[in-house]
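Hi,

Here is the structure I promised to pass on. Have a look at it first, and then read my notes below.

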Amino acid sequence: MKRSVLSAALGLALAAGLATLPTTATAAPAAAVAPAVQGYTPAAHAGSAADAAEAAHNRAFFRAVVASVKAKRAADPWLRTVTVTYDTANAPSFTGQIATAARIWNGSVRNVRLQETGGTGDFSYYEGSDSQGSYASTDGHGHGYVFLDYQQNQEYDSVRVTTHETGHVLGLPDDYSGPCSELMSGGGPGPSCTNPYPDANERGEVDYLWANGLASAN
């Protein structure tokens, strides 16, 4: 949700589920090519053509993150759990939601771990206003990012939105027709859905994708 940039106010807003407008916004990086986008709301979903495009976009985003982490496996061929780093400098209003999303995923899967870094991570979070809503994308240079839209994070549960978009980082596609119990159904079940946890199938898919330090990734 739109949160005050003041840390004290942020903590209260997170606890009470309140939303306040930040005074500044950070624009997401401009893509050198058409960005690979995975959104949250089903409004952009338009049938089989959109399904195919979103599947391709999700693979592109996942490959961008994998390209960044593969060097870690090269340095340690026996690595079984990969640490994927992220930075939040460009999303100061959402640090609480991002930390919660990371905890949820770290408690749900075993073959990959999310960890915040003070520098530039394997992927980045950005915040601002965009008519597309929140989405995961690539910047055209092999680096992925998650964009969190203020208005959408007011209308929908902000932790669910953030955890959903982070799911794209880990390789999961959208499935807007799914139930609320499915995290990647995104905005499909409507704003009343507040479940921020991946279901058993989603947890299993992420562990499969990241098995044995990306052994299953091409």
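**What I found**

Let me start with histidine 164, which sits in helix α5, the stretch running over residues 158–169. Keep in mind that this is a predicted model.

So is histidine 164 buried or exposed? Its relative accessibility comes out at 0%, and because buried means under 20%, histidine 164 counts as buried. Its side chain has a polar contact with the side chain of histidine 168, at 3.4 Å. If you ignore the neighbours within four places in sequence, histidine 164 is in contact with Gly39, Tyr40, Asp174, Leu183, Met184 and Gly186.

Over on the strand side, glutamine 38 belongs to β1, which covers residues 38–39. Glutamine 38 also has 0% relative accessibility, so it counts as buried. Its C-alpha atom is separated by 9.9 Å from that of valine 169, although the two residues are 131 apart along the chain.

**How α5 meets α3**

How do the two helices lie relative to each other? The axes of α3 (residues 95–108) and α5 come within 9 Å, with a crossing angle of roughly 55°. That angle is why α3 is described as oblique to α5. As for handedness, the α3 and α5 crossing is right-handed.

On the α3 side, the contact is made by Gln97, Ile98, Thr100, Ala101, Ile104 and Trp105. The α5 side brings in Ser158, Val159, Thr162, Thr163, Thr166 and Gly167. Sorted by character, the residues of this contact are 5 nonpolar and 7 polar, with no charged ones.

**Strand β4**

Next, have a look at β4, residues 123–128, where you will find phenylalanine 123. Phenylalanine 123 has a relative accessible area of 0%, so it is buried. Between the C-alpha atoms of phenylalanine 123 and alanine 136 the separation is 10.0 Å, and these two are 13 residues apart along the chain.

Serine 124 is in β4 as well. With a relative accessible area of 4%, serine 124 is buried. Which side chain does the side chain of serine 124 make a polar contact with? The partner is aspartate 87, and the contact is 2.8 Å. Serine 124 and aspartate 87 are 37 residues apart in sequence, while their C-alpha atoms are 5.0 Å apart in space.

**Towards the C-terminal helices**

Tryptophan 210 is in the loop between α6 (200–209) and α7 (211–214). Despite the loop setting, tryptophan 210 has a relative accessible area of 0% and is buried. Measuring C-alpha to C-alpha in the model, tryptophan 210 and glycine 171 are 9.0 Å apart in space and 39 residues apart in sequence.

**The chain as a whole**

Stepping back, the protein chain has 7 helices and 6 strands. Read from the N terminus on, the order of elements is α-β-α-β-α-β-β-β-β-α-α-α-α. How much of the chain is buried? Of its 218 residues, 50% count as buried.

One last figure concerns contacts between residues at least 6 apart in sequence: 64% of those in the protein chain join residues at least 24 apart. The pairing of serine 124 with aspartate 87, 37 residues apart in sequence, is a handy one to pull up on screen.

Cheers

Terms used. Residues numbered from 1 in each chain as written. Predicted model: local features only at pLDDT ≥ 70, side-chain atom pairs only at ≥ 80, totals over all residues. Heavy atoms only, no water. Helix = DSSP H or I, 4+ residues; strand = E, 2+ residues; numbered from the N terminus. Buried < 20%, exposed > 50% of the residue type's maximum accessible area, 1.4 Å probe, protein only. Polar contact = N/O pair within 3.5 Å; in protein donor to acceptor, adjacent residues only side chain to side chain. Contact = heavy atoms within 4.5 Å. Axes fitted to C-alpha atoms, helices over the stretch in contact; angles between N-to-C directions. Parallel < 35°, antiparallel > 145°, perpendicular 65-115°, else oblique. Left-handed = near helix turned anticlockwise from the far one by under 90°. Nonpolar A, V, L, I, M, F, W, Y, C, P; charged D, E, K, R; others polar.
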